[in-house]
Amino acid sequence: MDDINNKNDERGVSRRNFIKGVIGSGVAVSSANYLFRASTLFSQGAASPGERLITLDVNGQQRRVDVVKQETLAWTLRYKLGLTGKKLGCDRDECGACTVLVVDVPLYSCSVLTHTVRGKKILTIEGLASPDGKLHPVQQGVIDEQGFQCAFCMSGFIMSAVGFLKTNPNPTRAELAQGVSGNLCRCQDYDKILTAMMRGAENMRKVDHA
Ligand code: FES
Ligand code: FES
């Protein structure tokens, strides 16, 4: 019985710590699923607050943020820095909805620990357009071809395509399909998406040769 009470106490303390952590970091979490996961995440943070404060280079800005060592980049970007353009789909390295560029390489941010990318250039969909608001050529390709249905997968596809086009700016359709094959679309709109990405590649070449 004592054991049970002790366990309940431990759970109570963890929950109180979690609530304090959420309030302290200004995190707004609406999903019950993520609340559950967050309670686990925050309660496991053993380092002191000073040790957890790191600087990330996101979209050309230096952002100070308090992270725990098990925290993923997807979580930090979305719930700590308010960058909700990339999506959380599977949250386990399968769908690509959370793709961001880290030093120009597309990565699933749900599978990258935040502290491992401190000091590295992180680019999210929010940082893709020019400072004057002009869309990136790949974003413009989506507009030109009216790609995507619900668009939940869109930012992931765009970031993957942008990363791939840095290594192969003039791909065949098959090569580009291979390049973004780590991204899934639950609407199964692949043909139209690929057409939009090909238009984006064409737009990029025009900009590069202008
Ligand atoms: S949410 Fe990251 S791969 Fe699906
Ligand atoms: S357009 Fe709906 S998930 Fe891709």
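Which residue follows H5 with a positive phi? In this predicted model, the residue is Gln146, and its phi sits near 50 degrees. Helix H5 itself spans residues 137-145 and has a buried set made up of Pro137, Val138, Gln139, Gly141 and Val142. Positive phi values turn up elsewhere along the chain too, and they come back below with the elements they belong to.

First, the overall layout. The chain contains eight helices and five strands, and reading along the sequence gives the order α-α-α-β-β-α-β-β-β-α-α-α-α. There are 210 residues, of which 38% count as buried. As for how the fold ties together parts of the sequence, take the contacts between residues at least 6 apart: 59% of them join residues at least 24 apart. On the outside, the chain exposes about 11500 Å², with carbon and sulfur atoms supplying 52% of that area.

The strands are easiest to follow starting from E1. Strand E1 (residues 53-58) runs antiparallel to strand E2 (residues 61-66), and six bridges hold the pair together. Within this pairing, Ile54 faces Val65 of E2. The two strands make a hairpin with two residues between them, and Asn59 in this hairpin adopts a positive phi near 50 degrees. E1 also has a second partner: strand E5 (residues 121-123) runs parallel to E1 and is joined to it by two bridges. Here Asp57 is the bridge partner of Lys121 in E5.

E5 also leads over to E3, since two bridges link E3 and E5 in the antiparallel sense. Across that link, Val102 stands opposite Ile122 of E5. Strand E3 (residues 99-102) pairs with strand E4 (residues 105-108) as well, again antiparallel, this time over four bridges. One of the matched pairs is Leu101 with Pro106 in E4. Like E1 and E2, these strands form a hairpin with two residues between them. Val103 in the E3-E4 turn carries a positive phi of about 50 degrees.

So which faces of E3 are covered? Side chains in a regular strand alternate between the two faces of the sheet. For E3, both faces are covered, with Thr99 and Leu101 buried on one side and Val100 and Val102 buried on the other.

Helix H4 (residues 73-80) is mostly covered as well, with seven of its eight residues buried. The buried set consists of Leu73, Ala74, Trp75, Thr76, Leu77, Tyr79 and Lys80. Just past the helix, Gly82 has a positive phi of about 70 degrees.

Two loop residues show how H4 and the strands come together. Ser109 belongs to the loop between E4 and E5. Is Ser109 buried or exposed? Ser109 counts as buried because its relative accessibility is 0%, the cut-off for buried being under 20%. Apart from neighbours within four places in sequence, Ser109 is in contact with Thr72, Leu73, Ala74, Lys86, Cys98 and Val100. Leu73 and Ala74 in that list are buried residues of H4, while Val100 is a buried residue of E3. Another H4 residue, Leu77, lies 32 residues away from Ser109 in sequence, with 8.8 Å between the two C-alpha atoms.

Cys98, one of the contacts of Ser109, is found in the loop between H4 and E3. With a relative accessible area of 3%, Cys98 is buried too. Leaving out residues up to four places away in sequence, Cys98 touches Lys86, Lys87, Leu107, Tyr108, Ser109 and Cys110. Lys86 is therefore a contact of Cys98 and also of Ser109, by the criterion of heavy atoms within 4.5 Å. Further along the chain, Ser155 is 57 residues from Cys98 in sequence, and their C-alpha atoms are 7.9 Å apart.

Finally, there is the matter of pockets. The largest pocket has a volume of about 170 Å³. Its lining is formed by Gly89, Cys95, Ala97, Cys150, Phe152, Cys153, Leu184, Cys185, Arg186 and Cys187. Sorted by class, the lining comprises eight nonpolar residues, one polar and one charged.

Terms used
Residues numbered from 1 in each chain as written. Chains lettered and ligands numbered in written order. Predicted model: local features only at pLDDT ≥ 70, side-chain atom pairs only at ≥ 80, totals over all residues. Heavy atoms only, no water. Pairing = 2+ DSSP bridges. Buried < 20%, exposed > 50% of the residue type's maximum accessible area, 1.4 Å probe, protein only. 1 Å grid on protein atoms, 1.4 Å probe; cavity = no way out; pocket = protein on both sides within 12 Å on 5 of 7 lines; lining within 4 Å. Points joined across faces, edges and corners; volume = space filled by probe spheres on them. Nonpolar A, V, L, I, M, F, W, Y, C, P; charged D, E, K, R; others polar. Areas by Shrake-Rupley, 256 points an atom, 1.4 Å probe, with all protein chains shown as cover.
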